[in-house]
Amino acid sequence: MPSFDEVLKEAGEFGRFQKRVFFLLSQTGITFSSLFASIVFLGRAPDHFWCRIPGAAELSERCGWTLEDERNFTVLPLHLGNESVSGECERLDVTWDTSVSCTSPLARYGNHSTGNLPLAPCHGNWVYEQPQSSIVSEYDLVCGNAWMLDLSQAILNLGFLTGAFILGYAADRYGRILIYLLSCLGVGICGIIVAFSPNFTVFLIFRFLQGMFGKGTWMTCYVLVTEIVGSDQRIVGIVIQIFFTLGIIILPGIAYLIPTWQGIQLAISLPNFLFLLYYWVVPESPRWLLTRKKGEKALKIMRNIAKHNGKFLSPHYSEITISNEEVSNPSFLDLVRTPRMRRNTLILMYAWFTSALIYQGLVMRLGIIGGNLYLDFFISGAVELPSAFLIIVTIDRFGRRLPFAMSNIVASIACLITAFLPEDIPWLKTTVATLGRLSITIAFEVVYLVNSELYPTTLRNFGVSLCSSLCDLGGIIAPFLLFRLAAIWLELPLIIFSILAAVCGLLVLLLPETKGISLPETVEDVEQL
């Protein structure tokens with residue numbers, strides 16, 4: 001009986017069929033990255049807002065005030081009494097007196113005593129000038145509620161983390177394409193509910209679920225792509241990352257053209273329903289079918305692949321070698337039970353955590369260079385494009401391990417140099433920091449490929465999902481690490497990033513080289529790498 005890789009070579013390792021499937025599944029990267037970064041536009045803070053005094057609506061109607069008049073009566077007295085009070089989070093705790101004069105409701109207090117007037121915190125009575133539609137103005141996430149905006153992104157990352165475990169496990173047990181399609185349906189439905197959430201609690205619940213299903217779409221589409229191509233073509237796992245970057249680049253255009261946050265939310269969610277059409281064009285992974293003792297279905301799919309690629313499988317291919325490894329429900333113990341699996345798992349978990357932590361930390365540190373959010377966001381995404389092309393140029397020549405290690409080392413050196421460059425040459429600091437971001441982006445993309453190549457088919461989806469969950473943990477920790485350490489010394493986070501990247505660069509040298517090697521089918525195959 002021929003092995004799967006022998007049959008795949010005869011059917012075509014990257015023919016017309018695989019190219020079509022690759023292109024279709026790659027679109028998932030665009031929708032997933034849009035979900036990942038959407039908070040930048042969904043949560044835009046209003047430029048100017050102030051606190052409305054209770055009962056102001058009735059007074060405005062009685063006195064014929066405009067909003068500008070009401071603002072003058074509300075905010076200007078605060079400035080007269082205390083210039084440090086902006087009127088955004090506090091208001092005068094006084095009784096309006098319109099019986100004397102609508103033009104001077106505070107006349108009885110006298111302007112000279114406004115500094116002694118009592119103040120009260122604002123609760124849900126904000127007025128947003130030149131309102132830009134966002135969840136901040138929709139749910140009043142300002143002043144004492146500002147932390148809730150950070151919570152919404154943390155909840156999304158928690159959804160990613162949950163999806164990595166639950167849906168990664170489900171894809172290994174029930175199949176790649178089934179979980180992919182269910183995840184696409186979940187992202188679409190939850191995205192619609194998020195857009196029309198009646199309150200912030202409902203928004204958070206379904207944003208969590210959208211994150212969970214979103215992670216399911218991204219991880220399963222990635223594994224599917226890498227499992228239907230030959231060992232020499234698995235660089236498609238790097239190319240698919242370009243579509244993630246394309247999503248980052250496209251997002252500001254969507255936000256610029258659609259004025260409301262609900263519209264943006266729908267624009268990045270509804271395309272997931274189109275992916276349900278893949279049911280008729282994207283097959284189940286033949287590798288996975290073989291591990292579930294479904295050799296006939298796998299062979300039928302392989303014949304279909306050969307037909308679309310203009311090739312023909314030999315008639316004697318009546319059966320394909322099936323893994324002798326007993327199929328069981330995967331667990332974390334399976335990833336650490338044997339020596340080399342344990343080494344690979346621990347190093348990959350650290351690599352995922354470090355890449356995410358440094359990547360997001362550098363992005364937040366660079367901040368917004370100009371005043372145009374849309375243009376700045378577009379440029380920040382375009383900076384990442386060269387990373388995939390650099391990997392494509394080097395990975396087949398030098399293998400996986402060397403570019404993986406060097407990208408971490410270069411990122412480490414760039415962070416260290418940036419920390420000690422003088423402030424009077426900001427262009428140089430920005431350039432070196434950008435080099436660090438480009439390098440860590442390369443490391444981020446290589447870890448996807450290496451992770452999928454170092455696990456057997458029976459554990460691949462679960463292993464990739466579990467290890468990549470450390471990416472979500474790094475994303476949650478990054479802002480806290482950055483801002484806490486920066487309060488001690490502005491460049492201290494860069495020193496920490498440098499140390500983390502250097503350690504990662506050394507550790508990945510302990511991983512086996514997988515260039516040109518068939519994907520392992522069993523744990524025994526991994527132990528022999």
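Me: Before anything else, what makes two residues count as being in contact here?
Reply: Contact means heavy atoms within 4.5 Å. Keep in mind that this is a predicted model, where local features need pLDDT of at least 70, side-chain atom pairs count only at pLDDT 80 or more, and totals for chains, interfaces and linings use all residues. Residues are numbered from 1 along each chain as its sequence is written, and side-chain values use heavy atoms, with hydrogens and water left out.

Me: OK, which residues does Glu-513 touch, leaving out those up to four places away in sequence?
Reply: Phe-398, Gly-399, Arg-400 and Arg-401. Glu-513 itself is found in the loop between helix H22 (492-507) and helix H23 (523-527). Helices here are DSSP runs of H or I with at least four residues, strands are E runs of at least two, and both are numbered from the N terminus.

Me: What makes the links from Glu-513 to Arg-400 and Arg-401 polar contacts?
Reply: A polar contact is a pair of N or O atoms within 3.5 Å; within protein, one must be able to donate a hydrogen and the other to accept it, and residues adjacent in sequence count only if both atoms are side-chain atoms. A polar atom of the Glu-513 side chain lies 2.9 Å from the backbone nitrogen of Arg-400, and that side chain reaches the backbone nitrogen of Arg-401 at 3.1 Å.

Me: Why is Glu-513 called partly exposed?
Reply: Buried means under 20% relative accessible area and exposed means over 50%, with partly exposed in between (1.4 Å probe, protein chains only). Glu-513 has 25%, so it is partly exposed.

Me: And Thr-28, buried or exposed?
Reply: Thr-28 has 0% relative accessibility, so it counts as buried. Thr-28 sits in helix H2 and touches Tyr-180, Thr-217, Trp-218, Cys-221 and Phe-275, not counting residues up to four places away in sequence. Across the protein, buried residues make up 55% of the 529 residues.

Me: What makes a space a cavity rather than a pocket?
Reply: On a 1 Å grid over the protein atoms alone, a cavity is a set of points where a 1.4 Å probe fits but cannot get out, while a pocket is an open set with protein on both sides within 12 Å along at least five of seven lines. Lining residues have an atom within 4 Å of a point. Grid points are joined across faces, edges and corners, and a volume is the space filled by probe spheres set on the points. By this rule there are four cavities of 30 Å³ or more, and the largest holds about 270 Å³ of space.

Me: Which residues are closest to the centre of that largest cavity?
Reply: Of its 19 lining residues, Phe-36, Phe-244, Phe-444, Tyr-448 and Cys-471. H20 gives the largest share of the lining, four residues.

Me: How do you know that the largest cavity lies between two domains?
Reply: Domain 1 (1-44 + 142-321) and domain 3 (331-528) both give residues to its lining, so it lies between them. The domain bounds come from an automatic or database domain assignment.

Me: What lines the second largest pocket?
Reply: There are 14 lining residues, with Pro-283, Glu-284, Leu-289, Lys-297 and Ile-301 nearest the centre. The second largest pocket has about 310 Å³ of space, and H14 supplies the largest share of its lining, four residues.
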